[in-house]
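Biologist: Before we discuss the fold, please put the model on the screen. I would like to go through its sheets and its unusual backbone positions one at a time.

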Amino acid sequence: MAPKKPAAPPPGCSLDINDPQVQDAAIRIQASYRGHRSRKELKEKGPPRVLENLKDVVLIEGSAAKLECRISAFPDPFIRWSKDNVELKDGPKYRYIFEDPDIVALVVRDSSLSDLGKYTISVKNPFGECSDSARLLVEVPAKIKKGPDSTKAKKGSTVNLIAHISGEPAPDVGWAKDGEDIEEDDRVYYNIGSDSTTLTIKKVAPQDAGKYEIFVENSLGMDESFARLDVI
């Protein structure tokens with residue numbers, strides 16, 4: 001009994017191996033398979049390795065940051081992210097991202113000055129471990145978080161006008177009285193701290209009464225506030 005001839009493929013389902021598009025697709029499939037094998041073989045040879053390092057990230061306050069690196073690890077490793085040696089849990093604020101085949105990333109949402117610091121990824125499998133670090137730098141427009149309070153002072157007393165400020169890079173600070181920049185001396189001067197500035201007026205006199213203004217400015221913006229001093 002003669003063997004049956006194979007059924008013809010349905011219309012539109014036949015392949016012409018001489019078709020350049022078919023040949024090109026076959027080459028891409030073979031290259032992808034070879035790449036998959038080479039990656040797997042590389043991972044099987046030893047402990048995790050960092051193939052592409054983390055990079056420092058600079059961003060504006062309120063935006064999201066993404067720290068990413070490329071690793072080689074097989075079998076699948078345990079990944080841990082930390083900030084300044086404190087482990088970060090995967091959640092709404094920090095998101096662990098795994099991108100095929102070898103990219104791992106950490107997304108930091110709603111960045112603020114408190115997110116400044118050193119971030120480290122630790123990669124571990126049964127054959128060993130490796131780690132890498134980078135810094136997250138957050139830029140914040142200059143801002144007066146709380147301006148000085150208006151006050152009344154007795155003649156001869158000492159007055160301190162305090163303003164709470166923020167900004168990254170650290171803002172330039174200036175004080176003025178009735179629209180004129182204050183020229184510092186031993187009696188009237190101001191100090192600038194990391195998050196505040198204080199204008200000190202010693203031996204208060206009647207001519208010290210008036211409107212005192214505080215200005216802060218950095219490359220991202222400026223802010224101002226004022227207070228009144230009355231001498232009694």
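Modeller: Helices (H or I, at least four residues) and strands (E, at least two) are DSSP runs, numbered from the N terminus. This is a predicted model, in which local features need pLDDT of at least 70 and side-chain atom pairs count only at pLDDT 80 or more, while totals for chains, interfaces and linings use all residues. Residues are numbered from 1 along each chain as its sequence is written, and side-chain values use heavy atoms, with hydrogens and water left out.

Biologist: In which loop does Asp 84 lie?

Modeller: Asp 84 has a positive phi of about 50° although it is not a glycine, and with a relative accessible area of 40% it is partly exposed (buried is under 20%, exposed over 50%, partly exposed in between, with a 1.4 Å probe and protein chains only). Most residues other than glycine have a negative phi. The loop that holds Asp 84 is the one between S4 and strand S5 (86-87).

Biologist: Is Asn 85 buried or exposed?

Modeller: Asn 85 also lies in the loop between S4 and S5, and its phi is near 70°, a positive value in a residue other than glycine. Because its relative accessibility is 78%, Asn 85 counts as exposed.

Biologist: Which residue does a cis peptide bond join to Phe 74?

Modeller: Most peptide bonds are trans. Here omega is about 5°, and the partner sits in the loop between strand S3 (65-72) and strand S4 (78-83). The residue joined to Phe 74 by this cis bond is Pro 75.

Biologist: Which strands stand at the edges of the sheet of 4 strands?

Modeller: This open sheet has antiparallel pairing and the order S1-S3-S7-S6, where two strands pair if DSSP finds at least two bridges between them. Two of its strands each have a single partner strand, so one side of each is left without a neighbour in the sheet. The edge strands are S1 (49-52) and S6 (94-99).

Biologist: Which residue in S7 stands opposite Tyr 94?

Modeller: S6 and strand S7 (residues 103-108) pair in the antiparallel sense over 6 bridges. Within S7, the residue opposite Tyr 94 is Val 108.

Biologist: Why does Ser 166 count as buried?

Modeller: Ser 166 has its place in strand S11 (residues 159-168). Leaving aside residues up to four places away in sequence, it touches Pro 141, Ala 142, Lys 143, Lys 145 and Pro 171 (contact means heavy atoms within 4.5 Å). Ser 166 counts as buried because its relative accessibility is 15%.
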